[in-house]
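Trainee: I'd like to learn how to read a structure like this one. Could you walk me through a few features?

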Amino acid sequence: MTARRPKAPACVGLENARLVLRLVPEAGARVVSLVDRRSVREWIVPGPLPKGLGPRARFLDHASGWDECFPSVAACRHPAWGGALRDHGVLWARPWRLERRTPGRLVLAFEGAGVTFRRSVILRERGLLLRYDIENTSKTSRPWLWSQHCLLACAPGDRLITRGLGPWRTAEGQPVSPSAVDPVRGPEAAVAGKLFAAVRGRAEAELRGPDGGGLRFSWHAASAPHAGLWYSYGGWPTDAPLYQLAIEPTTLAANALPGAGAARLAPGATHRFEVELTLTQAG
């Protein structure tokens, strides 16, 4: 008798005349594709889904797609979360529930670790509106950070256009030269880094291609008071360097808990926030 192959996780999506979105609820609601139909550009770094979905999956083995990092980005320890938190937090590579599906909206939720984390994806004419709800279902107050970890398939010569952001700095607070982030360099640069910038009111951060078309992230400081920027232009990891960039609305200019200024959520409380993604075009 031939052994049956494991069934591949189901993929769901949204689409209209301008874009096509695909995500996998069972794999942390990971977005695996976001295509601009006008330019035929795939914006999401492609890659296989995590093997062995669950708490033992390693992010480094599957550094692709768009995930939600919560309540930490980097692996750390915190007593309020039961000790060890793995790299990229509790949400990724774990099954989410598809609560609602219509031609214009997907609502998905993760329940576990004392929280309910819900993401609503709403289709717009030229983009997406992301609405987030985080509920603390535990009996203790809990610190947390969130980062929208959307790995973008960049290309040499792409430009990073920002508005409403302060200067980019390292996690240690050191300023960096604007040339470090714009324009996007090729994989031969062999550099990598994570930077942060404070949001001033409303933020916009756009990766724009040489043809003038781009993908813009927009949000208010009340939703995420910082912007993160991750880039690896052939500089990380040393054994198999990656080529990618991530624009990351985030609640904290840090990668791990405990972090000074981390938000706290009281027992039974819910926190809500939004981020918009818009496909732009030349002119």
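Trainee: Let me start with a tyrosine: is Y233 buried or exposed?

Mentor: Keep in mind that this is a predicted model. For burial, look at the relative accessible area; under 20% is called buried. Y233 comes out at 1%, so it is buried.

Trainee: Which aromatic pair joins F70 and F117, and how are the rings set?

Mentor: For ring pairs, you look at the distance between centres and the angle between planes. The structure holds 11 aromatic pairs. In the one made by F70 and F117, the centres are 5.4 Å apart and the planes make 50 degrees, so by the 30 and 60 degree limits the pair is tilted. F70 sits in the loop between strand 5 (66-69) and strand 6 (76-78), while F117 is in strand 10, so the pair ties together parts that are 47 residues apart in sequence. Both residues, F70 and F117, are buried.

Trainee: And what does Y233 pair with?

Mentor: Y233 pairs with Y243, again tilted, at 5.9 Å centre to centre and 50 degrees between the planes. Y233 is in strand 18 (residues 226-233) and Y243 in strand 19 (residues 243-250), so this pair ties together parts that are 10 residues apart in sequence. Y243 has a relative accessible area of 24%, so it counts as partly exposed.

Trainee: Which residues form one aromatic cluster?

Mentor: That cluster is made of F70, W81, W96, F117, Y132, W144, W146 and F273.

Trainee: Where does R41 lie relative to W43?

Mentor: With an arginine and a ring, check whether the charged end sits over the ring face. R41 lies over the face of W43, at 3.9 Å from the ring centre. R119 does likewise with W66, over its face at 5.7 Å from the ring centre.

Trainee: On to the core. Which residues touch the most other members of the largest nonpolar core?

Mentor: That core has 67 residues, and the ones touching the most other members are L21, F70, W146, W168, W219, L245 and I247. Its largest share, 6 residues, comes from strand 16 (residues 191-208). To see what surrounds one of the members, skip the residues up to four places away in sequence: L21 then touches V12, G13, L14, V31, S33, L34, V121 and L128.

Trainee: How many disulfides does the structure hold?

Mentor: The count is 0. The sulfur of C76 is 12 Å from the closest cysteine sulfur, in C69, and that is too far for a bond. C150 is in no disulfide either, with the nearest cysteine sulfur, that of C69, 11 Å away.

Trainee: Are C76 and C150 buried or exposed?

Mentor: C76 counts as buried at 13% relative accessibility. C150 is buried too, with a relative accessible area of 0%.

Trainee: Now a charged side chain. What does the side chain of R118 make a polar contact with?

Mentor: Its partner is the side chain of E99, at 2.7 Å. R118 is in strand 10 (residues 115-124), and it is partly exposed, with a relative accessible area of 23%. Leaving aside neighbours within four places in sequence, R118 is in contact with a set of residues including R97, E99, V107, R131 and D133. C-alpha to C-alpha, R118 and I134 are 6.4 Å apart in space, though 16 residues apart in sequence.

Trainee: Where is V115 found?

Mentor: V115 is also a strand 10 residue, and at 3% relative accessibility it counts as buried. V115 and T137 are 22 residues apart in sequence, yet their C-alpha atoms are 5.1 Å apart in space. Beyond four places in sequence, V115 touches F70, W81, F110, E135, T137 and R142.

Trainee: One last residue: what does the side chain of H78 reach?

Mentor: The backbone nitrogen of A80, at 3.2 Å. H78 is found in strand 6, and at 13% relative accessibility it counts as buried. Not counting residues up to four places away in sequence, H78 touches G83, P143, L257 and P258.

Methods:
Residues numbered from 1 in each chain as written. Predicted model: local features only at pLDDT ≥ 70, side-chain atom pairs only at ≥ 80, totals over all residues. Heavy atoms only, no water. Disulfide = S-S within 2.5 Å. Buried < 20%, exposed > 50% of the residue type's maximum accessible area, 1.4 Å probe, protein only. Core = buried A, V, L, I, M, F, W, Y, C linked by side-chain atoms within 4.5 Å. Helix = DSSP H or I, 4+ residues; strand = E, 2+ residues; numbered from the N terminus. Contact = heavy atoms within 4.5 Å. Polar contact = N/O pair within 3.5 Å; in protein donor to acceptor, adjacent residues only side chain to side chain. Phe/Tyr/Trp six-rings, centres within 6.5 Å; stacked < 30°, edge-to-face > 60°. Lys NZ or Arg CZ within 6 Å of the ring centre and 35° of its normal.
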